[in-house]
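The following questions and answers examine a single protein chain, shown below. Each answer proceeds by short steps and closes on the item requested.

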Amino acid sequence: MKLWGRILWSLLSGPRGRRGVSQGWAFNSQKSHSCLAGLLSATEMVSHWTRVFEERGIPEARESCEYIVAHVLGAKTVKCNFQSLRPVLRTKLLTPQQRESIQELCSHRLQRMPVQYILGEWDFRGLSLKMVPPVFIPRPETESQVIAVDKAEAAVSLTRENAQRLQLQDRIQIIPLDVTSEGHWTHLLPCAPVDLVVSNPPYVFHKDMEQLAPEICSYEDLAALDGGEEGMDVITHILTLAPQLLNASGSIFLEVDPRHPELVSSWLQSRPDLYLSLVAVRKDFCGRPRFLHVQKSAS
């Protein structure tokens, strides 16, 4: 395999999560229709929905409105946001169909649906990716560049679709696999030896799941987040499996909780038979220790 193909793509795990809608954000569409009767321009519509979102406690109220209105006005990518639209489009009278579409999409945001799912696509590292719940939303401050190994059918299917859309299907191997199931890892042996294992595994401490934002709890795949009592359930499976796939000096890169560097270091010290060492801890954009570099040493 060439260098690009030598990376064993992200080892994720989890079936389809719950997708319930938060019941705390009831929306009176009839009342909103009457409020919008005099709103004719895109700029006025953004101002109105920003106020509504702020009153309802919706995070990033103005940004959410601007993304939605720009999308309805025909923005081709998320990078083409409201402010980048031509002034004439921002002040031009909206058609009844446009106003109805904006209201429908904004009603989803009131139910705390993430903007990425509302728009159905999102820009990530220069790529325009299709977004469908409950597949995990890529976030620039933490996300790895690629995903190819997952046990969730929805994630595998969407990865294939995005690879085809971006004409990368010849550069990525997609394997439906649960790395926590005994014996399943043998399906990866034909890929060995590999240079890197890159993973964004479920790492949230189980006790912290209830504290996640409604946008996450109601729409994203919870099984792709819940890492068990100490967030280590899937991480330890990956660390146990990786030495059998890595070359003599291969590396594992993991995204983890800020509490995990110490836990992972202690766990590796208790498993000298794996010949793995934690060699570096990197911080995310918010300054939290979130990325681990674990390296294999000669046995």
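Q: Which residues of helix α10 (residues 260-269) are buried?
A: The model is a predicted one, and burial here requires a relative accessible area under 20%. Within α10, the residues that count as buried are His-260, Pro-261, Val-264, Trp-267 and Leu-268.

Q: Why do the buried residues of α10 lie on the same side of the helix?
A: On the other side of α10, Glu-262 and Gln-269 are exposed. The buried residues lie on the same side because the arc that they cover around the axis is only 135°.

Q: Against which elements do the buried residues of α10 pack?
A: The buried set of α10 includes Val-264 and Trp-267. The packing partners of this set are one helix and two strands, namely α9 (233-241), β9 (276-283) and β10 (289-296).

Q: Is Ile-235 buried or exposed?
A: Ile-235 belongs to helix α9. The cut-off for burial is under 20% relative accessible area. Because the relative accessibility of Ile-235 is 0%, this residue counts as buried.

Q: Which residues does Ile-235 touch, not counting those up to four places away in sequence?
A: One of the partners is Leu-254, which is 19 residues away along the chain and has its C-alpha atom 8.2 Å from that of Ile-235. Two others, His-260 and Val-264, are among the buried residues of α10. The list for Ile-235 reads Pro-201, Tyr-203, Leu-254, Val-256, His-260 and Val-264.

Q: How many bridges join β9 to β10?
A: These strands form a hairpin with five residues between them, and Gly-287 in the turn has a positive phi of about 85°. Val-281 stands opposite Leu-292 of β10. The two strands run antiparallel, and the number of bridges that join them is seven.

Q: What is the phi of Tyr-275?
A: Tyr-275 occupies the loop between α10 and β9. With a relative accessibility of 38%, Tyr-275 counts as partly exposed. The residue is not a glycine, yet its phi is positive, near 55°.

Q: Where is Glu-60, a residue with a positive phi that is not a glycine?
A: The phi of Glu-60 is about 50°. Glu-60 counts as exposed because its relative accessibility is 59%, and the threshold is over 50%. Its place is the loop between α2 (42-55) and α3 (61-72).

Q: What is the omega of the peptide bond from Pro-133 to Pro-134?
A: Pro-134 lies in the loop between β4 (127-130) and β5 (147-150). The bond from Pro-133 to Pro-134 is cis, with omega near 5°.

Q: What percentage of the contacts between residues at least 6 apart in sequence join residues at least 24 apart?
A: The chain has 10 helices and 10 strands, and 47% of its 299 residues count as buried. Among the contacts in question, the share that joins residues at least 24 apart is 68%.

Q: Over which residues does pLDDT stay under 50?
A: The average pLDDT of the chain is 81, and 81% of the residues score at least 70. Where pLDDT is low, the predicted coordinates should not be read in detail. One stretch has 99 contacts beyond four places in sequence in the model, and another has six such contacts. These stretches are, respectively, residues 1-27 and residues 29-34.

Technical notes. Residues numbered from 1 in each chain as written. Predicted model: local features only at pLDDT ≥ 70, side-chain atom pairs only at ≥ 80, totals over all residues. Heavy atoms only, no water. Buried < 20%, exposed > 50% of the residue type's maximum accessible area, 1.4 Å probe, protein only. Helix = DSSP H or I, 4+ residues; strand = E, 2+ residues; numbered from the N terminus. Arc of directions from axis to C-beta. Contact = heavy atoms within 4.5 Å. Pairing = 2+ DSSP bridges. pLDDT = per-residue confidence, 0-100.
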